[in-house]
Each structure stands twice: as C-alpha cells, then as structure tokens.
Amino acid sequence: MGPALSLLRDGNGRVHLMYYKEIPYPIVREGQHCPVDLYVKIRNDYRLFAAKGALITREHCRIFSRGNTTFYICSSDSESAEEFLKSLLTDLVTDPHLEPEAKADIIYSSSMRSIRQVFQGLNHKTLREIEKTSEFVVKLILSDKRVMNELVKVKSHAHFTYQHSVKVGIFGTCLAVHLFGEGNGDHNLQALSTALFLHDIGMTRVPRKILEKREPLSDMEHQIVMKHTVWGHDRLMNANYLTSQAASVVLFHHERCNGKGYPFGKTREDIPLYARICAIADTFETLTSSVSSSSPMTPFEALTVMQRDMAGAFDNRLFRAFVEMLGSC
C-alpha cells in the first residue's frame, strides 16, 4: 500500500502535506518504548496514538487489542518509512515472545506487499524485496515448525493473483524445507523460495478481463493464459534475473509428469525438480482457493482429486511428501 496523503494546518494557518505509511505488523508490546510516532486513522483524520520514545502501557495494549487497529507512520519521505518497516520486520520475526500465528500473519502480509510491488514493477528493488521476504520465510520455517503450520492455515481476501502467488510461494517453500531440511547444501532454499513466489510473474501480460472472468475460458482465452510461463521467463530474462531456480520454476511449473502439461509437454525427470515442486503447490492452492474457485475444495478433497483424477500428473515421491507435510500441520 502506498503512502496516504493528508493536509495539516499549523498555528500560523499554513498548510503542510503529510504522508502516512501503513504498518501491517502488530508492534504494540507492553513494557517496550515506541520506536517511532505511531498514528491511527479515525475517519479521514490521522491521530497520534503514541509518540516516539513513549512507554507502551497495558492501556495501550488494551486499546490495540479491541479491534483490528492499523498503525501508520508519518513521513514526508516514504523511503524512510520503508526502511523502518524492513528493520521492524527483522525484529518481529525473531522475537521469541511473539506467537507463531502472529509471525505467520506478519510474513503473509509482508509477502503480499512484496508480490504486489513486483507485479506492478519488476526491477532490482522489487526483486530484492521478494528475496528478503523469501529469506524470512525460510528462516522462520526452519527455526520453528509451528510457524509453518500457521503459514499453511493463513486466510486472505486479497487480490486473487497476489494471493495465489503468495500461497504457492508458502506451500512450495514449506514442501522444499520438508524435503531438503536445513543441512543439504545442494539446494539454495532462499533462491528456490524466491522462484516459487515469482512463478506466475508472466500473468502480468494476461489481460485483466481474462484473469477476472468467472465463466469457463474460451479456447482462445485459454491459449493466451498458457503463454504466461514463457512470458514470465522472458520478463525475468529481460530484467537480468534468470537464476537457474527462477528459470526452471517459471517456465516449467505447468509441465506434468504424464506429458499433458505445457509449454513443451515434458515428462517425468525431464521436468526440473523445482518445477515439479511448484506444480504440486500451484495445483493444490488453485483447488482450495476461495478466490480462484466459486466452490473451493477442502484440503482433503483437493489431495484426493490430485491423486485420483490427475493420476500420473505429479511426481509420486514429491506428492507423498506434500501429503505428509500437510498431515503434520
């Protein structure tokens, strides 16, 4: 979310432009000092909740917990607000006193911001943001399995393209950590996680009216959608961000082990391992999503369909590991 603009009139009658940046993280903790001036929005006005340096009291926490309070930072320079948010995220996700559910919510909201930015403009800055998000996701899952459990359960009503990319990134990263663990130096989990979050970057070239269509797509519309894997590969190549992980995931995540996928109809071991991981996460998220489907399936129903109706489409070893991972959550 970009900075919100407000007008402030001082004692001399002069009008000043004020920018407010949303903080999507729960930063109010009793006994800590407020790291920056915090504002809350009341109708169209921004009111000071706690000044920088103020001690957060039990009353502050009580007020915050009464509803879904959103805090804002006031800044004439949105860049400084962004830097604060980045440092804040690091502190929060490593806080031993923060519950796994809260950490999962923080990571999810951060992932959604990063995905929205990279879809709106693929460049060095937005790619670096998604890399940082992936790093946090991997570290959290490795450090506390309970966080993985909560990440899998996170619900959202965000824009469906962003939500899908974030959920596939999370499901795929969880599966990769489950498969490869922490000690396997053959796999760069952070780079793989980044690639998983970026898997649908080619969808930016698909017309919005097709993406938002609720009725079945026509053959021509389906052919257009199918081009997103090649378009995504081209976008990353043009942005000089074609890592081996990104190339394999973005280009091949719709290939199927039975040869019925696209764009090349590859089979089994000819499909890169990371693309096979993404294929499972991508399909599962699509079947269970309340945004992409008018009648979303339960996880059990989705897994049953993937095993029965899509027999041969997925790597059996990876699929069993995915079922095992979900069963432990």
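What follows is a chat about salt bridges and one helix in a predicted model.

Biologist: How many salt bridges does the structure hold?

Modeller: Eight.

Biologist: Okay, take Arg-128 and Glu-131. What makes that pair a salt bridge?

Modeller: The closest N and O atoms of Arg-128 and Glu-131 are 3.1 Å apart. The cut-off is within 4 Å, from a side-chain nitrogen of Lys or Arg to a carboxyl oxygen of Asp or Glu, so the pair counts.

Biologist: And where do Arg-128 and Glu-131 sit relative to each other in helix H4?

Modeller: They're three residues apart in H4, which spans residues 124-143, so about one helical turn separates them.

Biologist: Why is Glu-131 called buried?

Modeller: Buried means under 20% relative accessible area. Glu-131 comes in at 19%, so it counts as buried.

Biologist: What about its partner, Arg-128: buried, exposed or partly exposed?

Modeller: Arg-128 has a relative accessible area of 34%. Exposed needs over 50% and buried needs under 20%, so Arg-128 lands in between, as partly exposed.

Biologist: What makes Lys-139 and Glu-135 a salt bridge?

Modeller: Same kind of check: their side chains meet at 2.9 Å, N to O, and the limit is within 4 Å, so that's a salt bridge. Lys-139 and Glu-135 are four residues apart in helix H4, again about one helical turn. Glu-135 is partly exposed, because its 25% falls between the two cut-offs.

Biologist: How do you know that Lys-213 and Glu-221 are bridged?

Modeller: Their closest N and O atoms are 2.8 Å apart, and since within 4 Å is what's asked for, they qualify. Lys-213 is partly exposed at 28%, whereas Glu-221 is buried at 16%.

Biologist: Which residues are joined into one network by salt bridges that share partners?

Modeller: That would be Glu-269, Arg-276 and Asp-315.

Biologist: Back to Glu-221. Which residues of helix H9 are buried?

Modeller: In H9, residues 219-226, the buried ones are Glu-221, Val-225 and Met-226.

Biologist: How do you know that they are on the same side of H9?

Modeller: They cover an arc of only 140° around the axis, which puts them on the same side of the helix.

Biologist: Which exposed residues does the face turned away from the buried side carry?

Modeller: Asp-219 and Met-220.

Biologist: And what covers the buried residues of H9?

Modeller: The cover includes helix H8 (208-211) and helix H10 (228-238).

Methods: Residues numbered from 1 in each chain as written. Predicted model: local features only at pLDDT ≥ 70, side-chain atom pairs only at ≥ 80, totals over all residues. Heavy atoms only, no water. Helix = DSSP H or I, 4+ residues; strand = E, 2+ residues; numbered from the N terminus. Buried < 20%, exposed > 50% of the residue type's maximum accessible area, 1.4 Å probe, protein only. Arc of directions from axis to C-beta. Contact = heavy atoms within 4.5 Å.
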